[in-house]
Structure formats: C-alpha cells, structure tokens
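Here is a short report on one structure. Keep the 3D view open while you read.

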Amino acid sequence: MRAAFALLRRDLGLTFRSGGGGLLGVAFFMLAALLIPLGVGPEGGALARIAAGVLWVCALLACLLTLDRLFQADLEDGALDQIALGPLPLEAAVLAKAAAHWLTTGLPLTVVAPVLGVMLSLPAQAQGTLVASLLIGTPALSLIGAVGAALTAGLRRGGLLLSVLVLPLYVPTLIFGAQAADRAATGLEPGTALLFLGAVTLLAAAVAPFAAAAALRVNLR
Amino acid sequence: MELVAQDLACRRAGRTIFRGLGFAVRAGAAVALRGPNGSGKSSLLRVLAGLAPAAAGRATLDGLDLARDGEAWRERVALAGHLDAVKPGFSVRENLTCWADFHGAPRARADMALERFGLEGRADDPAHWCSAGQKRRLGLARLLIVDRPVWLLDEPTVSLDAASVAVFAGVVAEHCAAGGLALAATHVDLGFGEGAEVRMPAPGDAPASPAAPAADPFLGGDWG
C-alpha cells in the first residue's frame, strides 16, 4: 500500500515538474468545448440540446491525449523495469499510475465542467448531474485508457493506434455519462444512467489492471 | 545462497539468442559475464531478473525456481540495466528518494548512496543537468537503496571515468563481502579476480538441431 502511494506521489510529481504538462489535458478540454459555440452559433436552445454530449466527448478526447505517455516514458528510460522488480504487483502499479492520471486529468476536468456547462447554456438543474456523471465516469476513462497505453507503450508513434484501440471501449462510458446529464437537462430521472455508469467504471477497475499488467509484461521482455 | 543456471536458453522474436548455458554463482562472489556484442548478455540478465521468460532450462536461487516463484524471485534481485531510469524533472536526490519510498527504505539511505557515488554536491540540482557519467552513477546508486541480495548489472561502467569505475568496483566488493552476489555483463576489468567469469556460449557451440540433413556424399564432393 505504501509502495502504491509512493508510486502515485512520484507520478504526480513528475506530471507537474517536467513539461509533461500537468494540466494540459484540462486546458485542451476547455479549448475544445470553447470551439463548439463558435462552430454551432450562439443560439441558446441548440447549445443546450447538445451541451452534455459535447462536454462528454471533449472529456473523452482530453483523457485520450494525455494517455500516450502513461507507461511509455517509464518503459523508455528503464523505470518500468524497476517498477516491475519492486515490491508491488504490476497490477497494483497500473492502478496507482491510472489513479495519478485521473487526479491530473479526470478530476480537474470535472471541476471546470460546470463553468463550461454555463457557457454552453446547459440547464441549471443538470449541472449537478453533469458533475456527478463526470466524477463517476472519468475513472473508467483512465483505467480503460491504461490498457491501451500499456499495449502501445513500446511503439514510437503509438498515439494514433492508442486512440483507435481505446475509443471504441469508451462508448459505454460516453453513452451512460452523456445520457445521465441529458436526462437531467430535460427534467427526467438520471439515476439509472448514473448507476450503469458506475457499473462500467467498476468493471473497468476490476479488469483493466490485469489486462494492462499483462500487456506491460509483454513489453518488458 | 547460490544462483544456479542449468541449460538455459533464450529466444527472442523466433530467434535463439543462446542455449545450453549453465553456471553457478555462490553468495559472496562477483562474476563477470563475458561475450561479444549480440551474444545475449542483456537477454540473460533480463531472464535472470524474471522479466523475460527462459525458452528452456531452469534457474534456481536458494530453493526458489525462476519459472515457478517469479514473484518471490523478483523481490531478491536488483537490475541495473543500460537504462538509468533517471527522471530529468526530478532533482538528483529526489531520483533516489522516490525509489526509497517505493521500496519502503529510509530516505536517509539516499544521501548515503549519493555520498558513496560522489554525487552529494549535486543532490539538489535537477537531474537533467547531469552528465552521462553522473546519470549512470545515479542509476547505480539505486542499487544501494533497494537492498537486494542479487545484483544483475548490464554494462554498469559505460560512460564512467576510471575513478568512478574504481568506486563502483569497491561498492560491488562490499556488497559481496556482506553476503550478496553480483553478475555483471561487462567488457572492462572490475577486479572480480581470475576465473570469476561466465562466458556466453558462442552460436556455434549450440548442439546441431535434429532436423539438420545428414551429410550427403554427393554434395560433400566425396564422389570425386
């Protein structure tokens, strides 16, 4: 447990220290969401209709953009060898690194989402649900993404392949997440969608560490 | 404690890198691993670290079997590969303290290791200011932090100056005197003593595969 926290702290330190772009994911998220009204036009009704979906798609892309170096940097400089030889099972190391990724992308993204919601004239009664859906759903993005990042860690230009591998797996999270916020916006009960969203995240938490660790072991050979 | 390898073989990407490798290293011994470039020294060290699977043969360490007890095995070895795992964004000291935390070792050990490798003056500098030799020393200093009995060293002296090589040879000697063992792939003399070396089997030494066609007197030219 202590080793996992040490790894988490190290990853957080590295993200903020070394041009790895601590909050660049959030900056991308805000810019991408900002482009939507410029493209669609400022008419409130049209924006409100698509706000929840747009924010979720932007969150997905922001997560994806920050994933490609999740394991690659450590594989390239040999740190992954040291982690694999450490006191922690590789599965737990994956979990710690995915947690660090979520803390630097998923969480800040959830925090700024209400501001963007206002900008996209998302109805006020949906704001809480939007935040809740992002809070429940974004961990799944980091976890599922970790599998793709582990698979493509050894490839020099793996970013595009990573997107192709991971985006289809993001579909359930996107559907239930956007659905929850959308239902709240139209005055319907969002509870079921949120429960399904939580189920997807739990499933990802149960499966992804093992899949990612298996992929890393192949990369370490 | 004894590290024993019997008839080890390694295959990568469908190609046999080496086979029929056997040796034994007893606790307290430092052994040099010799062989030309491409003879599989690094691959052997990765196999012995439990990171890559052996294609054949077995290795044991104190009753542990490499193939069966991977988890326990990996907790006894330290690998200093030709990659230093130095993070340029961290300071020199942080590069060691993060591993000390990870391994649950006291942070004071980081300063001790820095001093041993003559890096105490740079402890607070960013690691990306370090020269190649200093980065290598920083990578080797991690060996003193993780505190494992078996050291697997892959070209540890590359880009080190003569003084640093001597320091490192002293560190290895201390580790062995304290009951550890070390296996180092190296092309230089680290003062391990006469005969303390393992030679990688040359590709020609491997037994011919049974599928090889029998000698043909026609092709051999024996028919005059």
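## One helix, two faces

Start with helix α2 of chain A. On one side of α2(A), Leu31(A), Leu35(A) and Leu38(A) are exposed. On the other side the picture changes. This is a predicted model, so read each detail as a prediction.

Which residues of α2(A) are buried? They are Gly25(A), Val26(A), Phe28(A), Phe29(A) and Ala33(A). These buried residues span an arc of only 160° around the axis, so they sit on the same side of α2(A). Their cover includes two other helices of chain A, α3 (44–65) and α6 (90–119).

Now check the length. Helix α2 of chain A runs over residues 24–40, which makes 17 residues. From first C-alpha to last, α2(A) reaches 25 Å. That is close to the 24 Å expected at 1.5 Å a residue. Just after α2(A) comes Gly41(A), with a positive phi of about 105°.

## Chain A as a whole

How many helices and strands does chain A have? The count is 10 helices and 0 strands. Read from the N terminus, the elements run α-α-α-α-α-α-α-α-α-α. The radius of gyration of chain A is 18 Å, and the globule rule gives 17 Å for 221 residues. The two values are close, so chain A is as compact as a globular protein of that length. Along the principal axes, the C-alpha atoms of chain A fill a box of roughly 55 × 35 × 30 Å.

What share of the 221 residues of chain A counts as buried? The share is 50%. Next, take the contacts in chain A between residues at least 6 apart in sequence. Of these, 81% join residues at least 24 apart.

## A closer look at Leu161(A)

Leu161(A) lies in helix α8 of chain A, which covers residues 159–166. Is Leu161(A) buried, exposed or partly exposed? Count the C-beta atoms around it: 14 others lie within 10 Å, so Leu161(A) is partly exposed. A buried residue would need 20 or more.

Set aside the neighbours within four places in sequence. Leu161(A) is then in contact with Thr152(A) and Leu155(A). Compare Ala149(A), which is 12 residues from Leu161(A) in sequence. In space, their C-alpha atoms are 9.6 Å apart.

## Where chain A meets chain B

The two chains touch. On one side are 20 residues of chain A, and they are in contact with 23 residues of chain B. Which elements of chain A give two or more residues to this side? They are α1 (2–17) and α5 (79–84) of chain A. The largest share, 8 residues, comes from α1(A). By class, the side of chain A that touches chain B has 9 nonpolar, 5 polar and 6 charged residues.

## An enclosed helix in chain B

Helix α3 of chain B covers residues 92–103. Its 12 residues should span 16 Å at 1.5 Å a residue, and its end C-alpha atoms are 18 Å apart, which agrees. How many residues of α3(B) are buried? The count is 12 of the 12, so α3(B) is largely enclosed by the rest of the structure. Among them are Arg93(B), Glu94(B), Trp99(B), Asp101(B) and His103(B).

What do these buried residues pack against? Part of the answer lies in the other chain: α1 and α5 of chain A. The rest is in chain B, with α4 (108–116) and α5 (132–146). Just after α3(B), Gly104(B) takes a positive phi of about 70°.

## Chain B and its confidence

Chain B has 7 helices and 9 strands. Of its 224 residues, 42% count as buried. Now take the contacts in chain B with a separation of 6 or more. Residues 24 or more positions apart account for 70% of them.

The mean pLDDT of chain B is 84, and 89% of its residues reach 70 or more. Among the elements of chain B, strand β7 (residues 150–154) has the highest mean, 92. Helix α7 (residues 217–220) has the lowest, 50. Two stretches of chain B stay under 50: residues 206–215 and residues 220–224. Beyond four places in sequence, the model has 5 contacts for residues 206–215 and 4 contacts for residues 220–224. For the whole model, the scores are ipTM 0.84 and pTM 0.88.

Notes: Residues are numbered from 1 along each chain as its sequence is written. Chains are lettered from A and ligands numbered from 1 in the order in which they are written. This is a predicted model: local features need pLDDT of at least 70, side-chain atom pairs count only at pLDDT 80 or more; totals for chains, interfaces and linings use all residues. Helices (H or I, at least four residues) and strands (E, at least two) are DSSP runs, numbered from the N terminus. Two residues are in contact if their C-beta atoms, placed from the backbone, lie within 7 Å. The expected span of a helix is 1.5 Å times one less than its number of residues. The arc is that of the directions from the helix axis to the C-beta atoms. The radius of gyration is taken over C-alpha atoms; the globule rule is 2.2 Å times the number of residues to the power 0.38. Ala, Val, Leu, Ile, Met, Phe, Trp, Tyr, Cys and Pro count as nonpolar, Asp, Glu, Lys and Arg as charged, and the others, Gly among them, as polar. pLDDT is the predictor's confidence in each residue, from 0 to 100.
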